[in-house]
Amino acid sequence: MRKFLFLATFPVLTFAQAQQVTLSPKAAKIHANALTIDTHADVPINMMKEGFDISKEYDYDKDGSQIDFPRMIRGGMDGMFFAVYLGQGKRTEEANAEAKKKALAIFDKIHEAARLHPDIAAIATTSKDAYRLQKEGKRAMFIGMENGWPIGKDIANLKMFYDLGLRYITLSHSLNNDICDSSTDGDGPEHNGLSKFGEDVVKEMNRLGMMVDVSHVSDSTFYDVIRLTKAPVIASHSSCRALCDVPRNMTDDMIRALAKNGGVIQINFVPNFVKKPSQPHEMSLKALRLKIRQTDLSDADKKALRDEMKAVDEKYKADKPTVQDAVNHIEHVIKLTSADHVGIGMDLDGGGEVIGVRDVSQIGAITEELVKRAYSAEDIEKIWGGNIMRVLDQAERAAGKL
């Protein structure tokens, strides 16, 4: 199924001005034929805000939004895993119940988008769904959960979430939870990897056919998961620590272990995970990024924060990574393992942005760069969607559902 003809040209924005570049005929053909899947999209953060309409096209400079159906179509993005994201809060019985309630509201909003726009998109839970929707010219809305906090301490919640379409869970976010240790908790490890409950969560996810996501987790948690899992696992939005030395990224040994497990690392396009910024830049942006992810900001607050972030980025513009820098991470994984164990999870609407890909309409730039580096159509198709669909199939097969 060939995608929109807009692929022939797409904007690549620099700090100075917007410029049009041409997608080569070879890249355009490959991009049109590939099943393009991004495994981590934070568009539900915007969907939960009053007045946001995913069927309407927004402007990144004006609205700070990077994903909507028109731009998915224009960029040739066949499907994305919409993230049910909650930043870690208190772990009391009451707080856990509230987290579950908020998560269910996000599920409802994702399903509502599919009901309201059946001619444009549909919920997808299998690789067959994705390929069928691609042929129909519709967008596939997969669902992932970023942070297992809404599970609380009730393992039965996993089946409920699975039945709502959930196909992966990022076990933790930026803080430790009842499942496992996070890679970035300032208080350090709490469980030294997976907790006993976390082990039960991984086993139940395997039983259900749900992919285990090791992005955000500590190194010890990662190795616990690898030892325990009966199915390949994913890192839905992580990059390579060898190229950008931050705890959120994966070491070469972890990437090799993930490949041996049959899993896949989906490269994250958040600038700080692609190219390590200078320390002053990093400190300036850290607090702003946390603030802008809040769902109760006024329009004036959001604009003020975006303006402040733009000013900081302009001040440190030499730090900004490019699409070439992001593809370096893809290439690093291929050189360590093969083209069978890497994909794309850009974290758009959650901080993902490089020069050349500012929103989902510009993803052809990734294909163009892979073509320039002489990767075959077969390998590019694996990177864009084939690998993650294989792992999804294997998770279902391990659960006895295929």
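This is a short walk through one structure, covering a strand pair, two cavities, some salt bridges and a kinked helix.

Okay, thanks everyone. Before anything else, keep in mind that this is a predicted model.

Let's start with the strands. β3 covers residues 37-41, and 5 of its 5 residues are buried, so I'd call that strand mostly covered. Its partner is β4, residues 79-85, and the two run in the parallel sense with 3 bridges between them. If you want a spot to click on, take alanine 41: its bridge partner in β4 is phenylalanine 82.

Next, empty space. Rolling a probe the size of a water molecule over the atoms is what shows where such space is left. How many cavities of 30 Å³ or more does the structure hold? There are 2. The largest has about 70 Å³ of space in it. Its lining has 14 residues, and those nearest the centre are Val214, Val217, Arg248, Met250 and Met254. By class, that lining splits into 7 nonpolar, 4 polar and 3 charged residues.

The second largest cavity comes in at about 40 Å³. Here I can give you the lining by name: Arg91, Asn96, Gly148, Trp149, Gly152, Asn177, Asp178 and Ile179. That makes 2 nonpolar, 4 polar and 2 charged residues.

On to the charges. The structure has 23 salt bridges, and I've picked a few to show you.

First up on my slide is aspartate 129 with arginine 132, where the closest N and O atoms are 3.4 Å apart. Both residues sit in helix α6, residues 127-136, and they are 3 residues apart, so about one helical turn separates them. Is aspartate 129 buried or exposed? Its relative accessible area is 17%, which falls under the 20% cut-off, so aspartate 129 counts as buried. Arginine 132, on the other hand, is partly exposed at 36%.

Now look at glutamate 136 and lysine 138. Their side chains meet in a salt bridge at 3.8 Å, N to O. Glutamate 136 has a relative accessible area of 40%, which makes it partly exposed, and lysine 138 is partly exposed too, with 22%.

Then there's aspartate 163 with lysine 159, where the closest N and O atoms are 2.7 Å apart. These two lie 4 residues apart in helix α7, residues 156-163, which is about one turn of the helix. Aspartate 163 has 52% relative accessibility and counts as exposed, while lysine 159 has 37% and counts as partly exposed. Salt bridges can also share partners, and that is how Asp61, Lys320, Glu353 and Arg358 are joined into one network.

Last stop is helix α16, residues 377-398. Where is the kink in α16 centred? On isoleucine 383, with a bend of about 60°. Isoleucine 383 is also one of the buried residues of this helix. Others on that buried list include Ile380, Trp384, Gly385, Asn387, Ile388 and Met389, and further along you'll find Val391, Leu392, Ala395 and Glu396. After α16 comes glycine 400, with a positive phi near 75°.

So, if you open the model yourself, I'd pull up the kink at isoleucine 383, then the lining around Val214 and Met250 in the largest cavity. That's all from me, happy to take questions.

Notes. Residues numbered from 1 in each chain as written. Predicted model: local features only at pLDDT ≥ 70, side-chain atom pairs only at ≥ 80, totals over all residues. Heavy atoms only, no water. Buried < 20%, exposed > 50% of the residue type's maximum accessible area, 1.4 Å probe, protein only. Pairing = 2+ DSSP bridges. 1 Å grid on protein atoms, 1.4 Å probe; cavity = no way out; pocket = protein on both sides within 12 Å on 5 of 7 lines; lining within 4 Å. Points joined across faces, edges and corners; volume = space filled by probe spheres on them. Nonpolar A, V, L, I, M, F, W, Y, C, P; charged D, E, K, R; others polar. Salt bridge = Lys/Arg side-chain N within 4 Å of Asp/Glu carboxyl O. Bend = angle between axes of the 7 residues up to and from the residue.
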